[in-house]
Amino acid sequence: MARPLLIWTGLAFAIIMPMTFAATSEYLASRDPVYIAAGFAGVVALCLALVQPLLAGGWLPGLHLLRGRRAHRAVGVILIAAVVVHVVGLWITSPPDIVDALLLRSPTPFSVFGVGAMWALFAAALFAALRRRFSAHVWRVGHKSLVSVVVFGGAVHALLVEGTMETTSKAVLCALAIAATLAAVAASGRRAKRHALGKK
């Protein structure tokens, strides 16, 4: 009982802390509701980037195998919705900035990483929707590559933005998301090798 409790408590702490700091940030004082909603959608997306590889790896107690996969798909949909709200909200508050970011002509470096992560996320979703059209090997390589771009690009984007998220908790969340993704990718590779050896 202690191990599952520690895992869930650690995950909750890693997510709640940055969200709490963001909710109490002094940056919110002069911002309108649409901008605040867009910012929080980005925070939620970053938090879900940590949850997804944990679900994919089957490392969350009580969410193994089929249940974990269903949760992984559901969280993926929520992640896409959060990114859409983030981008649309920022577009409403400042259309020229979003247009420049989407056209990769923004002077801010974080925009490139954010846009790259967004398109990789949409590509991963499309890839998942068409999963049955690909071989198992192509699916694994494609999905792992795309989600790695999503997490790494999203983490760098968040780290470069000076906004509502507190620096230390944001850095810890990004580091955990990257570490969990790398671990999930490595675990998937090991499972694929064992499966291939079993067939032989």
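Note to self before starting: a residue counts as buried when its relative accessible area is under 20%, and as exposed when it is over 50%. I am working on a predicted model throughout.

**Cysteines**

I began with cysteine 174, which comes out at 1% relative accessibility and is therefore buried. Cysteine 47 has 3%, so I put it down as buried too. Next I looked for a bond involving them. Cysteine 174 takes part in no disulfide, and its nearest cysteine sulfur belongs to cysteine 47, 9.5 Å away. A disulfide needs the two sulfurs within 2.5 Å, so 9.5 Å from cysteine 47 to cysteine 174 is too far for a bond. The count of disulfides for the structure is zero.

**Helix α1**

I checked the span of α1, residues 2–23. Its 22 residues reach 31 Å from first C-alpha to last, close to the expected 32 Å. Which residues of α1 are buried? I have Leu11, Ala14, Ile15, Pro18 and Ala22 on the list. For reading such a list I keep in mind that an α-helix has 3.6 residues a turn, so residues three or four places apart point the same way.

**Helix α2**

Helix α2 covers residues 33–56, and I get 34 Å end to end for its 24 residues, close to the 34 Å expected. At its start, a side-chain oxygen of aspartate 32 comes within 3.0 Å of the backbone nitrogen of valine 34. Just past the other end of α2, I found glycine 58 with a positive phi of about 70 degrees.

Inside α2 I picked out leucine 50. Its relative accessible area is 4%, so leucine 50 goes down as buried. I also took a C-alpha distance from leucine 50 to valine 83: the two are 33 residues apart along the chain and 15 Å apart in space.

**The nonpolar patch**

Valine 34 came up again when I looked at the surface. Together with Val84, Val88, Trp91, Ile92, Val99 and Leu103, Val34 makes a nonpolar patch of about 580 Å². Which helix gives the patch its largest share? I find that it is α3, residues 65–93, with four residues.

I followed one patch member further. Leucine 103 sits in the loop between α4 (95–102) and α5 (109–129), and I note it as exposed because its relative accessible area is 52%.

**The loop between α4 and α5**

I stayed in this loop for leucine 104, which is also placed there. I have leucine 104 with a positive phi of about 60 degrees, though it is not a glycine. I flagged the angle with a general point in mind: most residues other than glycine have a negative phi. Is leucine 104 buried or exposed? At 56% relative accessibility, I call it exposed.

Then I went after charges. The count is one salt bridge, and I traced it to the side chains of aspartate 100 and arginine 105, at 2.7 Å from N to O. The two partners fall into separate classes: aspartate 100 is partly exposed at 23%, while arginine 105 has 52% and so counts as exposed.

**Serine 111**

I moved on to α5, where serine 111 is found. Its side chain makes a polar contact with the side chain of threonine 108, at 2.7 Å. I get 9% relative accessible area for serine 111, so it is buried.

**Valine 147**

My last lookup was valine 147, in helix α6 (residues 136–160). Why do I class valine 147 as partly exposed? Its relative accessible area is 23%, and partly exposed is what lies between the 20% and 50% limits. From valine 147 I took a C-alpha distance to tryptophan 59, and I have 18 Å for this pair, which is 88 residues apart in sequence.

Conventions. Residues numbered from 1 in each chain as written. Predicted model: local features only at pLDDT ≥ 70, side-chain atom pairs only at ≥ 80, totals over all residues. Heavy atoms only, no water. Helix = DSSP H or I, 4+ residues; strand = E, 2+ residues; numbered from the N terminus. Buried < 20%, exposed > 50% of the residue type's maximum accessible area, 1.4 Å probe, protein only. Expected span 1.5 Å × (residues − 1). Polar contact = N/O pair within 3.5 Å; in protein donor to acceptor, adjacent residues only side chain to side chain. Patch = residues over 30% accessible without salt bridge, like charges linked within 9 Å, V, L, I, M, F, W, Y side chains within 5 Å. Areas by Shrake-Rupley, 256 points an atom, 1.4 Å probe, with all protein chains shown as cover. Salt bridge = Lys/Arg side-chain N within 4 Å of Asp/Glu carboxyl O.
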